[in-house]
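Please work through this structure as a tutorial in dialogue form. The learner asks how to read a feature, and the teacher replies with the general idea and then the case at hand.

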Amino acid sequence: GSIYAVAWSPDSRLIVTSSGDRTCKFWDIAEDRLVGTVEISSVAAPEHQQVGNLWAGEHIVSLSLSGDINVLQMGADRPVRTITGHQKAITAAALAPPSGPLYTGSYDGKLCTWDLATGIACSVEGAKTNAKPEDIAAAANSTIALGFIDDAVRFARDSKMTGAAAGLGAAPVSLAIDPSGATVVAALANGDLALVSLATQQATKVPGSPAQAVAISHASVVAVGYGDNSVRLFQLANGTLVATGVSVTANTRPITRLAFSPDGQLLAAGDAGGKIVVARADTGEIVTTRWGAHTARIYGLAWSPDNEHAASSSLDGHVIVWSTTDPLRKTIIKNAHLGGASAVAFVDSQTVVSTGADGGVKVWSIVY
């Protein structure tokens, strides 16, 4: 394959070349011979072509067309480390309980998991679709549901795709998965609401008004947000939804995101206007309507483990941490992500992680 990059060793004795054939080669200039070859990948795919390199001191790196950075070492026939991440906007993310890893998906269909302690990402094994992920949800048993624009929901566990999948007939715009990981609730782009059984990998449509957002509590209470600005609550039982009669109608724009507090007592409802309403989940009684500092639609909502704070992310690019005990008190992280903050989660009560259209994953320490 064509050679796209050449770099000299610091002592000017060797060069390393990076090629479109997915290899890097070390050459001894004085002896005019090949002294080593590193195969970046055995998979013949364009993203593994090597398009750049650098030899600085003891560090030798080669750049893949995908954006991955491969750390090389003389004498090794494969990269000793590959640094990966997203090159496009992150469109969906979810934190596997209790505190990671973080699953992220970007516009180009790439899926990663992140060790938040080290900041190191790895690609999700078995992820073969190039479809854009629309939403990701995590169950208490660490089963991960991923909804894609190709009208399917797929499942992962332990940073690997399981192979299970279900067709939905329309792209899922919001997902929630019950604590056992057995059932996924999905709001679809055409307004349908669907229940997906992981055991049968079949989807069942639920009649009702156009659904736009869903959430589920630890007690399998399901909240569904609708285009008429309302939220209605259901009990998930034996694979069906039973209306509880509880509703929340304080939002003034279509619902875009929902989240239950960890104890299931409170429900936060974010809307297309950037407003967040907090209500009691058992009665629908309004707790506060004063969480209104965003200037654009709410993309992400999450609660702290102690139930005392919630965090929101928005198209306006800001991340805001709110207080339930003092609704007017808030911590604003302005311009956290250029182009919009797509998701947010609490790692612990003082640490928040966010993702955005800038392709970044950022961890914030919050001081109350």
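The dialogue below takes up pockets, a sheet, backbone geometry and cysteines in turn.

Q: What should be known about the model and its numbering before reading any feature?
A: This is a predicted model, in which local features need pLDDT of at least 70, side-chain atom pairs count only at pLDDT 80 or more, and totals for chains, interfaces and linings use all residues. Residues are numbered from 1 along each chain as its sequence is written, and side-chain values use heavy atoms, with hydrogens and water left out.

Q: How is a pocket defined, and how much space lies in the largest pocket?
A: On a 1 Å grid over the protein atoms alone, a pocket is an open set of points where a 1.4 Å probe fits, with protein on both sides within 12 Å along at least five of seven lines; lining residues have an atom within 4 Å of a point. Grid points are joined across faces, edges and corners, and the volume is the space filled by probe spheres set on the points. Here the largest pocket holds about 1,100 Å³. Its lining has 46 residues, and L95, A138, I216, F260 and A302 are the closest to the centre.

Q: Which strand gives the largest share of that lining, and how do its residues divide by type?
A: Strands are DSSP runs of E of at least two residues, numbered from the N terminus. The largest share, six residues, comes from β33; among the other strands that supply at least two residues each are β9 (90-95), β13 (133-138) and β34 (351-356). By type, Ala, Val, Leu, Ile, Met, Phe, Trp, Tyr, Cys and Pro count as nonpolar, Asp, Glu, Lys and Arg as charged, and the others, Gly among them, as polar. The lining of the largest pocket comprises 34 nonpolar, nine polar and three charged residues.

Q: What lines the second largest pocket?
A: This pocket, with about 940 Å³ of space, is lined by 28 residues, of which E47, H48, D68, K110 and S123 are the closest to its centre. The lining divides into eight nonpolar, 13 polar and seven charged residues.

Q: How is a sheet read, and which strands are at the edges of the sheet that contains β25?
A: Strands of a sheet pair through backbone hydrogen bonds, either parallel or antiparallel. Two strands pair if DSSP finds at least two bridges between them. In this model, four strands form an open antiparallel sheet in the order β25-β26-β27-β28. The edge strands, β25 and β28 (286-291), each pair on one side only. Five bridges join β25 to β26 (residues 266-271), and one of the bridge pairs is R257 with G270.

Q: Where do cis peptide bonds occur in the loop between β9 and β10?
A: One cis bond joins P97 and P98, with omega about 0°, and another runs from G100 to P101, with omega near 10°. Both P98 and P101 lie in the loop between β9 and β10.

Q: What is the phi of N238, and is this residue buried or exposed?
A: N238 has a positive phi of about 55° although it is not a glycine. Buried means under 20% relative accessible area, exposed over 50%, and partly exposed in between (1.4 Å probe, protein chains only). At 83%, N238 is exposed.

Q: Why is C112 not bonded to C122?
A: A disulfide is a pair of cysteine sulfur atoms within 2.5 Å. The sulfur of C112 is 7.5 Å from that of C122, its closest cysteine sulfur, and is therefore too far for a bond. C112 is buried at 1% relative accessibility, whereas C122 is partly exposed at 37%. A search of the whole structure finds zero disulfides.
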